[in-house]
Amino acid sequence: MVENGRLQIPSMKDRCTPAEWQARVDLAACYRLVDLYGMSDMMANHISMRVPGEEGAFLINAYGMMYEEITASSLIKIDVEGNVLSKPDFGELNYGINKAGYVIHSAVHAARHEVDCVIHTHSWASMAVSALECGLLPITQTAMRFLKIGYHDYQGVVLDEAEQASLLQDLGQGEALILRNHGALVVGRTVGEAFNWMHRLELSCRSQLAAMACNSPFVQVPQAVLEETWNNYQPGTRRPYGQMEWPALLRKLDRLDPSYKT
């Protein structure tokens with residue numbers, strides 16, 4: 001099943017609807033982009049996407065594959081109860097899903113029906129900020145978008161479904177959540193929107209850590225300006241996130257390696 005360092009996975013295109021196949025292509029692209037922009041953690045973490053037209057079904061990565069080798073056909077379809085609805089033939093590898101991924105993502109997809117994509121990362125920057133008592137500070141314009149970000153206290157590796165209730169409560173109706181002593185989670189109504197949220201959250205964390213390393217006082221921004229800037233980033237005051245850049249990001253991937261579409 002391995003040839004020249006690549007897993008040879010039979011295409012799933014004929015085993016799903018055109019809408020599901022498009023979702024698979026977009027989700028595989030998101031995995032590649034998260035890796036490309038330095039936010040992956042080898043085979044850990046997960047990104048999921050709702051399957052169009054199938055209530056309670058979503059796609060997630062096979063546990064054992066690196067983000068940079070994810071393809072549309074390698075994704076596994078499960079439901080919010082954890083049942084595997086369809087998966088490719090991985091041969092003797094017989095990959096399954098990560099339980100923590102199921103616990104986190106099924107909770108969001110079951111409760112937030114407007115959400116199509118959920119991204120969870122363990123990037124070095126988000127992990128560092130998640131361990132700071134101050135959390136994410138609104139010290140840059142980009143970070144001001146996260147002025148009212150949620151926080152979820154660490155309760156151990158997310159394997160217990162009992163944690164789903166508090167996770168959802170801390171996320172609320174927001175788009176981004178800092179998982180204390182753990183990492184970050186974002187949601188989006190489209191895959192492009194979710195990637196945009198995560199990319200900007202990552203930049204906010206990196207810039208904060210760089211500024212803190214300078215050991216110099218921060219310039220203080222008036223609260224009224226913080227609130228106004230935050231409001232300018234909210235749905236209804238601007239076009240949906242990802243609408244402009246997602247097609248360009250796909251073109252970027254096509255130039256680098258179009259195998260995500262297989």
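Visitor: What share of the 262 residues in the chain is buried?
Guide: This is a predicted model, and its values are computed from the atoms. A residue is called buried when its relative accessible area is under 20%. Of the 262 residues in the chain, the buried ones make up 49%.

Visitor: How many helices and strands does the chain have?
Guide: The C-alpha atoms fill a box of roughly 55 × 45 × 35 Å along the principal axes. Within the chain, the count is eight helices and 10 strands.

Visitor: What is the radius of gyration of the chain, and what does the globule rule give?
Guide: For 262 residues the globule rule gives 18 Å. The chain comes close to that value, so it is as compact as a globular protein of that length. Its radius of gyration is 18 Å.

Visitor: Among contacts between residues at least 6 apart in sequence, what percentage joins residues at least 24 apart?
Guide: Contact here means heavy atoms within 4.5 Å. Of the contacts in the chain between residues at least 6 apart, the part that joins residues at least 24 apart is 68%.

Visitor: What is the order of the strands in the open sheet?
Guide: Strands of a sheet pair through backbone hydrogen bonds, either parallel or antiparallel. This open sheet has eight strands with mixed pairing. The order is β6-β5-β4-β3-β7-β10-β9-β8.

Visitor: Which are the edge strands?
Guide: An edge strand in this sheet pairs on one side only. From one strand to the next, the twist averages 25 degrees. The edge strands are β6 (84-86) and β8 (150-152).

Visitor: Which residue in β9 stands opposite Tyr151?
Guide: β8 pairs with β9 (residues 176-179) in the parallel sense, over three bridges. Opposite Tyr151 in β9 stands Ile178.

Visitor: Which strands does helix α2 touch?
Guide: Helix α2 (residues 99-111) packs on the sheet. Its direction makes about 35 degrees with that of β3. The strands touched are β3, β4, β5, β7 and β10.

Visitor: Which residues of β5 are buried on its two faces?
Guide: In a regular strand the side chains alternate between the two faces of the sheet. Both faces of β5 are covered. One side has Ile76 and Ile78; the other has Lys77 and Asp79.

Visitor: In β5, what is the bridge partner of Ala57?
Guide: β4 and β5 run antiparallel and pair over four bridges. The β5 partner of Ala57 is Asp79.

Visitor: Which residue in β6 stands opposite Lys77?
Guide: β5 and β6 run antiparallel and are joined by two bridges. They form a hairpin with four residues between them, and Gly82 in the turn has a positive phi of about 95 degrees. Opposite Lys77 in β6 stands Ser86.

Visitor: Is Arg24 buried or exposed?
Guide: Arg24 sits in helix α1 (residues 18-36). Beyond residues up to four places away in sequence, Arg24 touches Met12, Cys16, Leu59, Ala72, Ser73, Leu75, Lys77 and Ser86. Its relative accessibility is 0%, so Arg24 counts as buried.

Visitor: How far apart in space are Ala125 and Leu209, C-alpha to C-alpha?
Guide: Ala125 lies in helix α3 (residues 124-130) and is buried at 0% relative accessibility. Leaving out residues up to four places away in sequence, Ala125 touches Glu202, Cys205, Arg206 and Leu209. Ala125 and Leu209 are 84 residues apart in sequence, but their C-alpha distance is 7.4 Å.

Visitor: Why is the sulfur of Cys30 not bonded to that of Cys117?
Guide: A disulfide needs two cysteine sulfur atoms within 2.5 Å. Cys30 is buried, with a relative accessible area of 0%. Its closest cysteine sulfur is in Cys117, too far for a bond because the distance is 4.8 Å.

Visitor: Which cysteine has the sulfur nearest to that of Cys205?
Guide: Cys205 counts as buried at 1% relative accessibility. Cys205 is in no disulfide, and the count of disulfides comes to zero. The nearest cysteine sulfur is 10 Å away, in Cys134.

Visitor: Where is Asn45 placed?
Guide: Most residues other than glycine have a negative phi. Asn45 has a positive phi of about 75 degrees. Asn45 is buried, with a relative accessible area of 5%. Its place is the loop between α1 and β3.

Definitions and conventions. Residues are numbered from 1 along each chain as its sequence is written. This is a predicted model: local features need pLDDT of at least 70, side-chain atom pairs count only at pLDDT 80 or more; totals for chains, interfaces and linings use all residues. Side-chain values use heavy atoms; hydrogens and water are left out. Two strands pair if DSSP finds at least two bridges between them. Axes are lines fitted to C-alpha atoms, for helices over the stretch in contact, and angles run from 0 to 180 degrees between N-to-C directions. Buried means under 20% relative accessible area, exposed over 50%, partly exposed in between (1.4 Å probe, protein chains only). The radius of gyration is taken over C-alpha atoms; the globule rule is 2.2 Å times the number of residues to the power 0.38.
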